[in-house]
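Colleague: I have a new structure open and could use some help reading it. Could you walk me through it?

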Amino acid sequence: MADRITYVGLDIHKESIVVAVASGGLRAEVREYGRIANTPAAVDRLLLKLGGDGVSLRCCYEAGPCGYGIQRHVSAQGHECVVVAPSLIPRRAGDRIKTDRRDAASLAKLHRAGELTAVWVPDTGHEAMRDLVRARLDAVHSLRRARQQLSGFLLRHGCHYGRPAWTKLHRRWLAGLKFEQPVHHIVLEDYIAAVEAAETRRNRLTTQIEAMLPDWTLAPVVAALQTMRGMALVNAATLIAELGDLSRFTNPRQLMAYLGLVPSEHSSGVSVKRGGITKAGNGAARRLLIEAAWSYRFPARISRELLLRQENQPKPIRDIAWKGQVRLCARYRKLARAGKPANIVTTAIARELAGFVWAIARQVTVTPG
């Protein structure tokens, strides 16, 4: 039956797809099929030609800007199709020639050998939620940039507020500023308008996330994560939207490694050298966990806001959240007393926080959409 399996490597671009085919068997030939249009009709013709006479197709392509549309289309036709992590594709050190045909042939050959690592493919509902939370993250970055530009303009002209900024009082202080050059008032109002527009966009997308959350299949996981300190609704929704279904991680160490929160290592013989974290995987989720870890510098306690978030959650989840808070708060103080830099302490707390996130997610039963 193995000789009836055909491995297909797809090098996908916006307008075209370069195809290579590897027959079953490790020593069988790998041949170039050619270039086809990146359209559903062209893909259907390819599958019909290669998958005839009872041949089982196993397709693969690199994750990229073209998304998961081809994977879903091929899977709907009854063939196996995986999306491959580009950073985990084995490459020869001396290979200095890169072409579309070589990439497709390499994918087909490596897929046949079982050397490729597939990424998790979200369903359409999950992908929609992830696009929404990423749009909000873009809005937050735009707001930060607009505020920095306004602050830089004020600094150049010697205007110092000296109190917490971006409040109503700060806005009134901005309205009372006087400049020698009339054009500077126009510049100030333009910067203020940019800040207000960015705030409106961020708030609008936040409202959309809250409205879409009840219909999301992973909404129970988001609700459970809110029992932890530093995991308000938007933060929890963003984390789960970026990570997806946590049940695919068999243990918390896999999740920590996926987030790039484990230390790098370069050991040889008796020499063992460990460096900074690997920073592999999803950067947005890693940054969110590190931001949440800052809240554990305060003593462990159940605040009124946290108590309201925990009210409808079962006792096992609340117990895990409290156990995590007690441990992480004590761990933060212990590392800080040892003289560790604040960023190293926070990263260590974020790594352990990922473990408690995994433990809580395992307690929730998710109904497939």
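Modeller: Let's go through the overall build, then the aromatic rings, the cysteines and the pockets.

Modeller: One thing up front: this is a predicted model.

Colleague: Good to know. What does the secondary structure of the protein chain come to?

Modeller: The chain has 13 helices and 7 strands. Its C-alpha atoms fill a box of roughly 75 × 55 × 50 Å, taken along the principal axes.

Colleague: And how many of the 369 residues count as buried?

Modeller: The share that counts as buried is 40%.

Colleague: Next, the rings. How do I read an aromatic pair?

Modeller: You describe a pair of aromatic rings by the distance of the centres and the angle of the planes. Searching the whole structure turns up 4 such pairs. Take F153 and F179: their ring centres are 5.7 Å apart and their planes meet at 50°, so this pair is tilted.

Colleague: Where do F153 and F179 sit in the chain?

Modeller: F153 belongs to helix α4 (residues 124–156), while F179 is in the loop between α5 (168–175) and α6 (182–212). They are 26 residues apart, and the pair links distant parts of the chain.

Colleague: Is F153 buried or exposed?

Modeller: F153 is buried, with a relative accessible area of 2%. F179 counts as buried too, at 13% relative accessibility. There is also a cluster here, formed by F153, F179 and Y191.

Colleague: What about the rings of F249 and Y258?

Modeller: Their centres lie 5.4 Å apart with the planes at 55°, so that pair is tilted. F249 is buried at 7% relative accessible area, whereas Y258 is partly exposed at 30%.

Colleague: Which residue lies over the face of Y258?

Modeller: That would be R248, at 5.5 Å from the ring centre. You can find a similar arrangement elsewhere: R229 lies over the face of Y296, at 5.8 Å from the ring centre.

Colleague: On to cysteines. What is a disulfide, and how many disulfides does a search of the whole structure find?

Modeller: In general, a disulfide is a covalent bond between the sulfur atoms of two cysteines. In this model the search finds 0 disulfides.

Colleague: Why is the sulfur of C59 not in a bond with that of C81?

Modeller: The C81 sulfur is the closest cysteine sulfur to that of C59, but at 5.3 Å it is too far for a bond. The cut-off for a disulfide is a pair of sulfur atoms within 2.5 Å. C59 itself counts as buried, at 2% relative accessibility.

Colleague: And how far from C66 is the nearest cysteine sulfur?

Modeller: For C66 the nearest cysteine sulfur is again that of C81, 13 Å away, and C66 is in no disulfide. At 40% relative accessibility, C66 counts as partly exposed.

Colleague: Now the empty space. How do I look for pockets?

Modeller: Rolling a probe the size of a water molecule over the atoms shows where empty space is left. Here the largest pocket holds about 660 Å³ of space. It is lined by 23 residues, and the closest to its centre are A85, V119, Y258, G281 and N282.

Colleague: Which helices each supply at least two residues of that lining?

Modeller: Helices α4, α8 (233–243), α9 (252–258) and α10 (283–293) do. The lining of this largest pocket divides into 14 nonpolar, 5 polar and 4 charged residues.

Colleague: How much space lies in the second largest pocket?

Modeller: About 550 Å³. Of its 15 lining residues, P90, R92, D95, R102 and S106 are the closest to the centre. Helix α3 (residues 100–113) gives the most to this lining, with 7 residues.

Colleague: How does the lining of the second largest pocket divide into nonpolar, polar and charged residues?

Modeller: There are 6 nonpolar, 1 polar and 8 charged residues.

Colleague: Where is P90 found?

Modeller: Look in the loop between β5 (80–84) and α3. P90 counts as partly exposed, at 39% relative accessibility. P90 and L116 are 26 residues apart in sequence and 7.8 Å apart in space, C-alpha to C-alpha.

Colleague: How far apart in space are G67 and G324?

Modeller: From C-alpha to C-alpha they are 36 Å apart, with their positions 257 residues apart in sequence. G67 lies in the loop between β4 (56–62) and α2 (69–76), and at 22% relative accessibility G67 counts as partly exposed.

Definitions and conventions: Residues numbered from 1 in each chain as written. Predicted model: local features only at pLDDT ≥ 70, side-chain atom pairs only at ≥ 80, totals over all residues. Heavy atoms only, no water. Phe/Tyr/Trp six-rings, centres within 6.5 Å; stacked < 30°, edge-to-face > 60°. Helix = DSSP H or I, 4+ residues; strand = E, 2+ residues; numbered from the N terminus. Buried < 20%, exposed > 50% of the residue type's maximum accessible area, 1.4 Å probe, protein only. Lys NZ or Arg CZ within 6 Å of the ring centre and 35° of its normal. 1 Å grid on protein atoms, 1.4 Å probe; cavity = no way out; pocket = protein on both sides within 12 Å on 5 of 7 lines; lining within 4 Å. Points joined across faces, edges and corners; volume = space filled by probe spheres on them. Nonpolar A, V, L, I, M, F, W, Y, C, P; charged D, E, K, R; others polar.
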